[in-house]
Amino acid sequence: MCGVIGMVGCGPVNQALYDGLTVLQHRGQDAAGIMTYDRGQLFLRKSNGLVRDVFRTRHMRELTGNVGIGHVRYPTAGCSSSAEAQPFYVNSPYGISLAHNGNLTNAEEIKRELYLQDLRHINTNSDSEILLNVFAHELGERRKLRIAPDDLFDAVAGIQRRCRGGFAAVAMVNGHGVLGFRDPYGIRPLCFGQRETEGGTEYMIASESVALSVLGFERVRDVAPGEAVFIDLEGRLHSRQCADNPRLSPCIFEYVYLARPDSIIDDVSVYKSRLRMGRRLARKILREWPEHDIDVIIPVPDTSRTAALDMAYELGVTYREGFIKNRYIGRTFIMPGQAVRQKSVRQKLNPIELEFHGKNVLLVDDSVVRGTTSQQIIQMAREIGARKVYFASAAPPVRYPNVYGIDMPAASELLAHERHATEIAEVIGADRVIYQDLEDLVAAVREGNPRLTDFDCSCFDGRYVTDDVTEDYLASLERSRSDEAKAQAEGAGGAADLERVFGNAD
């Protein structure tokens with residue numbers, strides 16, 4: 001889960017890219033970067049940290065030019081080293097920079113091909129650098145001094161043939177413009193918009209529509225699965241379908257948790273989809289627990305507020321804000337390390353005693369992944385006098401890892417893995433746990449756009465839409481994604497050397 005942005009403007013784009021990245025900050029808190037192009041030169045600033053910390057006035061002054069791309073990162077793969085902050089850059093051909101959201105499921109295979117066949121060196125453990133080098137190689141095969149949009153689209157078609165997994169990316173080609181493209185399933189979101197200025201039409205490509213609307217861009221549409229859009233330096237828009245068999249299957253977890261509620265993804269309002277999630281979950285409670293004794297519904301801020309509000313309305317139960325959130329603590333779901341997550345929960349949320357004391361409380365969260373936050377929140381509610389504490393999730397049980405760009409942990413670290421609701425309630429200390437049914441979650445999102453016939457629901461049902469995820473791959477993923485493995489990676493730092501990666505190349 002990262003955020004990408006790209007822009008071709010009629011004036012300097014540095015401030016717009018910065019503002020857009022701050023709006024996309026929820027998609028990654030580990031690192032941020034901006035690269036601009038101005039009269040044959042590139043200007044780059046990237047580092048670990050939040051957008052507001054990475055960019056100072058002196059950096060912004062140096063990011064000159066009317067063309068640029070940006071990125072906010074959290075470490076799905078690799079480590080949180082600043083060496084893996086994006087955008088990445090290769091100088092041949094033309095000079096290409098790229099920012100990427102997603103995860104390649106065949107990254108190791110392609111990395112080997114790039115070294116042995118394409119004679120390209122990968123300097124980090126990031127699959128984004130792999131994606132960039134595939135694009136650069138495919139574009140270099142054209143062997144032209146000047147390239148046309150179709151050359152770029154042919155290169156993206158090469159990516160679609162070679163790369164598997166979920167990816168949405170923006171790329172900047174020196175002297176030509178900005179390109180955006182999406183995987184054949186549209187797993188990760190990408191959209192573009194335009195705004196009219198005195199100097200002409202400006203275009204922006206972004207992970208979420210909220211980055212467009214905040215900056216005064218009119219959302220044109222989402223980039224279709226397998227499609228590429230290109231804005232040249234004259235501000236002309238070009239687009240082409242680059243995949244052979246595209247099929248829209250967006251990640252349903254974007255609607256549950258990842259995206260901002262004021263975004264529109266694949267023509268579905270995230271906010272309204274969450275209202276419908278709450279409504280459907282309330283109806284499940286009325287079906288299965290009609291004699292419930294819930295006194296008050298309290299959301300776990302912030303993502304679950306929307307669902308909790310409609311749950312309360314549907315159930316006819318009082319809705320209250322029972323937790324005050326410290327805005328200076330990041331999203332615990334995307335924090336590396338269990339110890340950091342556990343420590344941050346208490347710092348992040350503080351309960352209001354009068355809303356809990358002597359009451360039967362239904363806490364509502366958008367989802368439950370590791371259960372760290374849920375367990376501590378339930379404990380807090382009991383400590384300040386709640387009589388009973390029930391827990392509801394607007395999403396189904398998360399039982400499987402996500403392989404398309406969300407850093408869900410190893411399956412063994414997932415709370416719901418091989419556990420039923422009663423067992424989960426016991427582990428987190430709740431009197432009762434209520435989960436959304438998967439069919440209700442799908443219906444809640446699809447109601448906003450009936451043309452959506454399929455979703456990636458793999459973290460809930462274990463069905464991976466790319467049909468290439470094997471047990472061996474999942475086992476490898478578990479070894480690399482566990483908290484222990486991440487701690488070791490952070491300690492070792494850096495990318496693997498060639499001998500370790502390609503020791504059996506001959």
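## A walk from strand S12 outwards

Start at Ile231: its bridge partner in S13 is Leu237. Keep in mind as you click around that this is a predicted model.

**Stop 1: the hairpin.** Select residues 227–232 for S12 and 237–241 for S13. The two strands run antiparallel and are joined by 5 bridges. They make a hairpin with 4 residues between them. While you're in the turn, pick Gly235, whose phi is positive at about 80°.

**Stop 2: the other neighbour of Ile231.** Now add S8, residues 177–182. S8 is antiparallel to S12, again with 5 bridges. Here Val178 is the residue standing opposite Ile231.

**Stop 3: both faces of S12.** Is S12 buried or exposed? Colour the strand by accessibility: 6 of its 6 residues are buried, so the rest of the structure largely encloses it. In a regular strand, side chains alternate between the two faces of the sheet. For S12, one side carries Glu227, Val229 and Ile231, and the other carries Ala228, Phe230 and Asp232; both sets are buried, so both faces are covered.

**Stop 4: the whole sheet.** Zoom out and show S5-S6-S7-S8-S12-S13, which is the order of an open sheet of 6 strands with antiparallel pairing. At the edges you'll find S5 (88–90) and S13; each has a single partner strand, so one side of each has no neighbour in the sheet. Look along the sheet and you'll see a twist that averages 20° from one strand to the next.

**Stop 5: S6 and S7.** Select 96–104 and 165–173. That's S6 and S7, an antiparallel pair held by 9 bridges. For a landmark, label Asn103, which stands opposite Gly166 in S7.

**Stop 6: a helix over the sheet.** Turn on H5, residues 127–140. What does H5 lie across? It covers S5, S6, S7 and S8, running at about 125° to S6.

**Stop 7: H5 and its helix partner.** Finish by adding H4, residues 107–116. The axes of H4 and H5 are 10 Å apart, and the helices pack at an angle of about 45°, which makes H4 oblique to H5. The crossing is left-handed. To see the contact, show Ala107, Ile110, Lys111 and Leu114 from H4, with Asp127, Ile130, Asn133 and Val134 from H5. Coloured by class, that contact has 5 nonpolar, 1 polar and 2 charged residues.

How values were computed:
Residues numbered from 1 in each chain as written. Predicted model: local features only at pLDDT ≥ 70, side-chain atom pairs only at ≥ 80, totals over all residues. Heavy atoms only, no water. Buried < 20%, exposed > 50% of the residue type's maximum accessible area, 1.4 Å probe, protein only. Pairing = 2+ DSSP bridges. Axes fitted to C-alpha atoms, helices over the stretch in contact; angles between N-to-C directions. Parallel < 35°, antiparallel > 145°, perpendicular 65-115°, else oblique. Left-handed = near helix turned anticlockwise from the far one by under 90°. Contact = heavy atoms within 4.5 Å. Nonpolar A, V, L, I, M, F, W, Y, C, P; charged D, E, K, R; others polar.
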